[in-house]
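Reader: I am new to this structure. Please take a close look at a single part, starting from one contact and working outwards.

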Amino acid sequence: MSAPRPPGAADAPRTPDPVDAPRIPGNDYGVLRPADPGAWEPRLPVSVVIPARGRQDRLDLTLAALAAQTYPSHLLEVIVVDDGSTPRLRLPEIAPERTRIVGTAPGRRGIAWAMETGTAVADGEVIHRMDADIVAYREHVETHLRWHHLTDYLVVTGTLRFTAMDGTPPTPAEVRAAVAGDRAGTLFQEDPDHGHDWIGELVEAHRGFRDAPGALLHRVHVGATVSLPAALLREVGGLDTSLVLGEDTELGYRLTQAGAVFVPEERALSWHLGTTTAMRRPAEVRRHNEPFIADRIPYRRTLRTDSGRQWLVPYVDVVVNAEGGARFEDVRASVDGTLASTLPDVRVTVTGPWESLEGERPAPLDDPLLDLRLLHGQYAHDGRVRFLGRVPATSAPAPFRFVCPAGWVPGAESLDMLIERAEKGGEGLLLVALDEDETGVLAARLERTAAVSRALRVAREDEPIDDVIAELYGVTWLDAESWRLLPAARAYPSWTTNRNREAARWRATAETRAREAERARRQAAALKAEVKRLRADAAKGRRDADRWKEKAEQRRLEAVALHRARQRSLLRRAARRLRGLAGGSR
C-alpha cells in the first residue's frame, strides 16, 4: 500500500459465487465446520511471507519448523523478505522445498514494505504472514488453511507461546525432528513472565471471539502468525507502508470494514523466540503509535479527545444527495446541521453531477445548474466536505455511513446517539422514519460499513442488501423525533448566520449542566457532613442511653437490696417482739 492510503480508497468487496457462500452473522464463525487436521484434502496454495532483518540463527529455526509441516509441500511456498540485513540473509540447508529470499527496494524498509514486497511476488491464494522468530508446531499451517477452504473472507490468527530462549537453543535439525515427531512442545521452556494473555482474555470473554463487537475485532490482529486470502489483502490495499509500527493493527481495522471474520485459532500453536519490542518497551511503543493509530482507527475513541480536530479516517461519513433538482437551501441545511455535530470526526459527502459544472457558464441568475453551483461554492474549501458523482459501494474505511435526505437536519447529538445505539445493539442498519406519503416511507440510514461489505459478499443476484444485513446483523426502525432529526423549515434557518451556533448552544448547555452538577456535588457534600453529624449525635445518644440504662439497672439492684434488707429488719423486730411476749407469759 502506498503511503498513506486515502480514506474511502478501498475497492468494493469482491463478490465470489454467492450461491453457496456461507453467511456468517457478525463474527460468529461457529456456523462453519472445519475438518480436523489430517482428515481432509487441501487444495489451496499458500504463500508464507516472512519479513526478516538479521538474526539468521532464529530464521534457520523458523524454516526448519516449516520444513516439517503437514500441509502438502507442493501447495506451500515460503518467501523470506530480507529487510536490509547486514550481512545479507542466506537460505539454510533445512527449509521447505519451495523457499526463496527476496530483498526490499532501497529506501523501503520496515515490516509493511517487506510484506508488500513479499506478497507482490507470492503465488498462493492465501497469504500466511509469519515473523522470522517463530517455530511453528507440526499442524500449524494446516490448521490455518482448513478455515480458508470454507470461505474467502476469514482472517485466522495463531496462538503464540513465548520462550525466553534460556540455555543452548536446539539446532535446526533438532527442531525439524521434534516438529515432525509432533514434539514441538518439548523444544523450549515457556516464559512465565511474558505472553499474549490479554488476547486470551479477550477471546474468552467473547465466547471464542464469536460474539465480539466490531470495534474489538482488529485488536487481535497482531501479526507474528496470521493468514488471510490474498484477494482480500489486495482488496483492502495491503499494509500501510507509511507506518513503521502498528501496521498490523491498522490493517486489521481495515479488514473489519471489508466485512472480514476473525478466527483466533487456539490449535495453531507456535513458539515465539524471545520477547517483542512492545513487551520490552511498552510505554515507548504506545507513545510512538498513538498519533498514527488515532488518525487511522476511529474506534480508538480515547485517542480522539482533542476538540476541533480533523482526522484521516472519519468516524462517520454523512451522505447528502444533491441530485434530482435538490434546492441549495435544503442541501445546505442538511450539511450545516451535520457539520455542527458534537462528533468531531465527521465527513460530509455531497453527491451530484459535479462534472456538469465544467465548460461555458450561462448567465448567472438564469443558470439551470445554479443550485449545484451554489453548493460547490459554499463548501469547495471546507476540508470536511467532499463532492462525488455517486455514492461508493461502502464508506470504508469509515466504520459508519449516515445517508441523510436533503432538507432534513440532524441535531447536534443525533449522530452520536445513533452510533451509540448501533454499537450497543450491534445492528448493521438503523432506519429513521422521517415522513410517509403514497410513495412510501422516507428514511435516513445509519449503515455499519462492515455489515454492508459482508452483505455485498454473500448476497444472491437481485437479493435486497437490506434483507441480507437484517439476516446477518439486524435492522432496527426508529422515529425521527426521538433521535432529533427535523425538517429544514423547523431546524433552519434559525442558525444561518453562524453554522456553529447549534454546537455552541449545546456547549453552553453542557457548561450549565456542569455548574448544576458542581452545585449538586456541594449539596451532596453538605448532606454527607450533616449525616455524619447526625450519626455522631445518634452514636452519642446510644452511648448516653447505654450509660443511663446501666445506672437504672444499678439503682434497681440497689432498691431490691434495700427492700430485702428492710424485710430482714422487719422480721428481726417481729422475732424480738415474739421472744418478748414468750418471756412475759412465763
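**One helix contact and the sheet beside it**

Author: Ala451, Val452, Arg454, Ala455, Leu456 and Val458 of helix H13 meet Ile465, Val468, Ile469 and Leu472 of helix H14; contact means heavy atoms within 4.5 Å. By type, these residues divide into 9 nonpolar, no polar and 1 charged (Ala, Val, Leu, Ile, Met, Phe, Trp, Tyr, Cys and Pro are nonpolar, Asp, Glu, Lys and Arg charged, the others, Gly among them, polar). The model is predicted, so local features need pLDDT of at least 70 and side-chain atom pairs count only at pLDDT 80 or more, while totals for chains, interfaces and linings use all residues. Residues are numbered from 1 along each chain as its sequence is written, and side-chain values use heavy atoms, with hydrogens and water left out.

H13 covers residues 449–458, and its axis lies 9 Å from that of H14, at an angle of about 110°. Helices (H or I, at least four residues) and strands (E, at least two) are DSSP runs, numbered from the N terminus. Axes are lines fitted to C-alpha atoms, for helices over the stretch in contact, with angles from 0 to 180 degrees between N-to-C directions. H13 and H14 are therefore roughly perpendicular to each other (65 to 115 degrees; under 35 is roughly parallel, over 145 roughly antiparallel, the rest oblique). Their crossing is right-handed, the near helix being turned clockwise from the far one by less than a right angle (anticlockwise would be left-handed).

H14 also leads to a sheet. This helix, residues 465–472, lies across strand S14 (429–437), strand S15 (440–448) and S16, and runs at about 105° to S16. The sheet itself is open and has 7 strands in the order S11-S10-S9-S12-S15-S14-S16, with mixed pairing; two strands pair if DSSP finds at least two bridges between them. At its edges are S11 (385–388) and S16 (475–479), each of which pairs on one side only. Neighbouring strands are turned by 25° against each other on average, direction ignored.

Further along the strand order, S9 (residues 316–321) pairs with S10 (residues 346–351) in the parallel sense, over 6 bridges. Within this pair, valine 319 of S9 stands opposite threonine 349 of S10.

Helix H10, residues 328–339, lies across S9, S10 and S11 and runs at about 165° to S10. H10 has a helix partner too: its axis and that of H11 (residues 370–379) come within 9 Å and cross at roughly 25°. H10 and H11 are therefore roughly parallel to each other. H10 passes H11 in a right-handed crossing. On the H10 side the contact is made by Phe328, Glu329, Val331, Arg332, Val335, Asp336 and Leu339, and on the H11 side by Asp371, Leu374, Leu375, Gln378 and Tyr379. Here the residues divide into 7 nonpolar, 1 polar and 4 charged.

The model also holds an open sheet of 8 strands, ordered S3-S2-S1-S4-S7-S6-S8-S5, with mixed pairing. S3 (99–103) and S5 (134–136) are the edge strands of that sheet, and the twist averages 30° from one strand to the next.
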